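User: I am new to protein models and would like to learn how to read one feature at a time. Could you take me through the one shown here?

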Amino acid sequence: MSLDPRVRELLDQMDFSAVTPKAGADPVALRAARAAAVRNQGLAKRPGIKAENRVASGAQSRVPVRIYWPEGPGPYPLLVYAHGGGWVLGDLDGVDDTCRALAELAQCVVVSVDYRLAPEHRFPAAVEDVFHAFRWAVREAASMNADPRMTAVGGDSAGGNLAAVVALRARDEGGPIPGAQVLVYPITDYNFQTRSYQENGDGYFLTREGMEWFWDQYLARPEDGQHPWASPLKAASLAGLPPAFVLTAEYDPLRDEGESYAARLQAEGVEVTSIRVDGLIHGFFTNAAWALPQREESLQRAAKFLRRVWTQKTREDA
């Protein structure tokens with residue numbers, strides 16, 4: 001379908017120089033601009049959700065996290081969430097409303113991970129942090145009033161990439177394997193030749209030039225992009241991974257790699273719920289200030305998927 005008219009209006013008003021990186025861009029300045037934009041949104045916090053900052057500490061790692069709880073007695077299922085931002089931008093505040101929404105709608109504890117950013121910390125630093133945070137959260141579930149038997153990992157964009165990689169690593173390194181994965185327009189492949197890059201690589205918020213810049217900041221060398229921890233679509237096998245919810249946007253350069261990942265998962269025996277949201281662009285899932293009704297619908301769909309997977313797990317354990 002055609003671009004949603006509300007999105008067209010947003011794009012017409014958007015200052016791309018402030019939100020879309022280009023060759024030579026300063027990561028620190030872009031982070032400051034993004035953080036200021038989040039502060040200026042002035043969003044009211046969703047009622048009934050408690051939040052607390054902690055540190056996921058281990059023998060060799062200390063990763064800041066923010067934990068969200070819904071109302072009620074618990075114990076709750078557990079979702080570990082990684083924010084987007086091309087591994088370079090983004091922070092806990094940028095996905096605060098999203099994590100509160102998921103805690104409320106899915107009735108789960110959400111652990112949002114403040115992983116190290118590139119280029120100061122290149123691949124695989126972010127992978128290590130989110131993997132550590134997931135293992136820590138499962139280990140410390142009781143202290144968070146969470147049930148370690150009902151878990152999930154999720155994220156948007158670069159965070160979707162990290163969530164997919166955590167599931168791969170958990171499968172290959174003896175677990176614990178998350179019970180589900182929520183991948184929102186995930187980066188899955190170091191490849192700019194897809195049809196969606198050709199169709200949507202310029203003028204739709206996230207650009208091909210911006211993605212090339214993000215990858216350049218993230219990878220220490222181009223060859224690292226072939227590693228399945230950077231490009232999970234390049235993994236030799238996706239069999240044995242947990243059920244996946246994969247959400248893509250029609251006018252997103254990442255659309256095809258996300259849908260290719262969903263197709264491969266399904267072909268290799270993984271339960272997949274794959275949804276393309278027509279008329280929308282990259283970023284809609286976490287940008288509450290855009291006030292797009294499809295965002296709330298997508299949050300509800302993700303939450304419904306998680307509740308269904310966790311309910312099935314409860315029945316199997318009964």
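Analyst: We will go from confidence to helices, then to unusual backbone geometry, and finally to contacts across the chain.

User: How should I judge confidence before I look at any detail, and which elements score lowest and highest?

Analyst: This is a predicted model, and the general idea is that where pLDDT is low, the predicted coordinates should not be read in detail. Here the chain averages a pLDDT of 95, and 99% of the residues score at least 70. Among the elements, helix 2, at residues 16-19, has the lowest mean pLDDT at 69, whereas strand 6, at residues 181-184, has the highest at 99.

User: How do I check the length of a helix, taking helix 5 as an example?

Analyst: One compares the span expected at 1.5 Å a residue with the distance between the end C-alpha atoms; for helix 5, whose 15 residues run from 125 to 139, the expected span is 21 Å and the end C-alpha atoms are 21 Å apart, so the two agree. Helix 10 can be treated in the same way, since its 25 residues reach 37 Å from the first C-alpha to the last, which is close to the 36 Å expected.

User: How many residues of helix 5 are buried, and what does that tell me?

Analyst: A residue counts as buried when its relative accessible area is under 20%. In helix 5, 12 of the 15 residues are buried, and therefore this helix is largely enclosed by the rest of the structure. Among the buried residues are Val-127, Asp-129, Phe-131, His-132, Phe-134 and Trp-136. Helix 10 also has buried residues, including Gln-294, Arg-295, Leu-299, Phe-305 and Trp-310.

User: How do I describe the way two helices pack, for instance helix 5 and helix 6?

Analyst: It helps to give the angle, the distance between axes and the residues in contact. Helix 5 and helix 6, the latter at residues 158-172, pack at an angle of about 65°, with their axes 9 Å apart. That angle makes helix 5 roughly perpendicular to helix 6, and their crossing is right-handed. Helix 5 contributes Ala-126, Val-127, Glu-128, Val-130, Phe-131 and Phe-134 to the contact, while helix 6 contributes Leu-162, Val-165, Val-166, Arg-169 and Ala-170.

User: At what angle do helix 4 and helix 10 pack?

Analyst: Helix 4, at residues 96-106, and helix 10, at residues 293-317, pack at an angle of about 45°, with their axes 9 Å apart. Helix 4 is therefore oblique to helix 10, and the crossing of these two helices is right-handed. The residues making the contact include Ala-101, Leu-102 and Leu-105 of helix 4, together with Leu-299, Ala-303, Leu-306 and Trp-310 of helix 10.

User: What should I expect of the backbone in general, so that I can recognise an exception?

Analyst: Most residues other than glycine have a negative phi, and most peptide bonds are trans. Against that background, the bond from Ala-118 to Pro-119 is cis, with omega near 5°, and the bond from Phe-123 to Pro-124 is also cis, with omega near 5°. Pro-119 lies in the loop between strand 4 and helix 5, and Pro-124 is placed in the loop between strand 4 and helix 5 as well.

User: Where is the positive phi of Tyr-185, and is this residue buried or exposed?

Analyst: Tyr-185 has a positive phi of about 30° although it is not a glycine, and it is found in the loop between strand 6 and helix 7. Its relative accessibility is 1%, so Tyr-185 counts as buried. Phe-205 also has a positive phi, of about 80°, without being a glycine; this residue lies in the loop between helix 7 and helix 8, and because its relative accessibility is 12%, Phe-205 counts as buried.

User: How can I see which distant parts of the sequence come together, using Phe-123 and Met-1?

Analyst: One sets the separation in sequence beside the distance in space. Phe-123 and Tyr-218 are 95 residues apart in sequence and 5.7 Å apart in space, C-alpha to C-alpha. Phe-123 counts as buried because its relative accessibility is 10%, and the residues it touches include Tyr-218, Leu-219, His-227 and Trp-229. Met-1, in the segment before helix 1, has 58% relative accessibility and so counts as exposed. Met-1 and Asp-278 are 277 residues apart in sequence and 6.3 Å apart in space, C-alpha to C-alpha, and among the residues that Met-1 touches are Glu-250, Tyr-251 and Gly-279.

Methods: Residues numbered from 1 in each chain as written. Predicted model: local features only at pLDDT ≥ 70, side-chain atom pairs only at ≥ 80, totals over all residues. Heavy atoms only, no water. pLDDT = per-residue confidence, 0-100. Helix = DSSP H or I, 4+ residues; strand = E, 2+ residues; numbered from the N terminus. Expected span 1.5 Å × (residues − 1). Buried < 20%, exposed > 50% of the residue type's maximum accessible area, 1.4 Å probe, protein only. Axes fitted to C-alpha atoms, helices over the stretch in contact; angles between N-to-C directions. Parallel < 35°, antiparallel > 145°, perpendicular 65-115°, else oblique. Left-handed = near helix turned anticlockwise from the far one by under 90°. Contact = heavy atoms within 4.5 Å. Lists of a residue's contacts leave out its neighbours within four places in sequence.
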